[in-house]
Amino acid sequence: MTKILVIDDEPDLIRFVRRALEAEGYQVLGSTDGLGGLRLALEQQPALIVLDLVMPGMHGEAVLSALLAQDPGFRVLILSATADVHLRIGCLEQGAVDFLAKPFAIRELIARVRGRLGEDASNRRKNQLRVGDLVLDLEARQLLVDGRPTVLPKREFLLLRYLMRNPDAVCSRQELLSEVWGYDFDPSTNVVDVCVGRLRSKLRSDLIVTVRNVGYQLQSA
């Protein structure tokens, strides 16, 4: 079930939007303050965030900035009564995917949610790498193994992305250090081996093969 987070300081509005979206088949989470909403978004990784701007504690623009700093893949639809055109434009330029002004028609909100999530699904297919049963979502930094999702830490993601872009090729440790870590060759470091070990724990153990005295190979079959 697709997860949507609504962050707004009006509990009645959250309940209203939740009922409407749940009737459309979405799972809806809610938060009545910016900081709590930010924490919930980072924890739950919703497919879409509906975000108010003018809230006590943490302003919605600051929430948007913090979300996109943590993960540029977050999709945020601003839902606000602000009349400040510069603020609206600023949010869109910062990375919000849409802006809907209050008061709003619930049917329009539902249509925009559908459109943005449909757009996201289309873009996600274009932003995937596939090798055998492995699927790597380049935008969400998420690994799918037999349909099971796992969010990868940055370095594991970069390493697996490089290997998946070079399936069946033998990648030397020096090559991986340069491409993934940006290091010149350092024969004393074992960061590549440690990172490969962590990746192997999340994959079938035979997918990444050690090529003795050289490096690693991701097998496509």
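**A three-stranded sheet and the setting of Asp 98**

Strand S11 and strand S12 (residues 215-218) run antiparallel and are joined by four bridges; strands here are DSSP runs (E) of at least two residues, helices are runs (H or I) of at least four, and both are numbered from the N terminus. The model is a predicted one, in which local features need pLDDT of at least 70 and side-chain atom pairs count only at pLDDT 80 or more, while totals for chains, interfaces and linings use all residues. Residues are numbered from 1 along each chain as its sequence is written, and side-chain values use heavy atoms, with hydrogens and water left out.

Within the S11-S12 pairing, Ile 208 faces Leu 218 of S12. Both strands belong to an open, antiparallel sheet of three strands in the order S10-S12-S11, where pairing requires at least two DSSP bridges between two strands. S10 (170-172) and S11 (208-211) are the edge strands; each has a single partner, so one side of each lacks a neighbour in the sheet. On average, neighbouring strands are turned by 30° against each other, direction ignored. Helix H7 (residues 173-181) lies across S10 and S12, at about 75° to S10. Axes are lines fitted to C-alpha atoms, for helices over the stretch in contact (heavy atoms within 4.5 Å), and angles run from 0 to 180 degrees between N-to-C directions.

Turning to another strand, Asp 98 sits in S5 (residues 98-101). Asp 98 is buried (under 20% relative accessible area, 1.4 Å probe, protein chains only), with a value of 11%. Not counting residues up to four places away in sequence, Asp 98 touches Val 76, Leu 77, Ile 78, Leu 92, Arg 112 and Arg 116.

Technical notes
Buried < 20%, exposed > 50% of the residue type's maximum accessible area, 1.4 Å probe, protein only.
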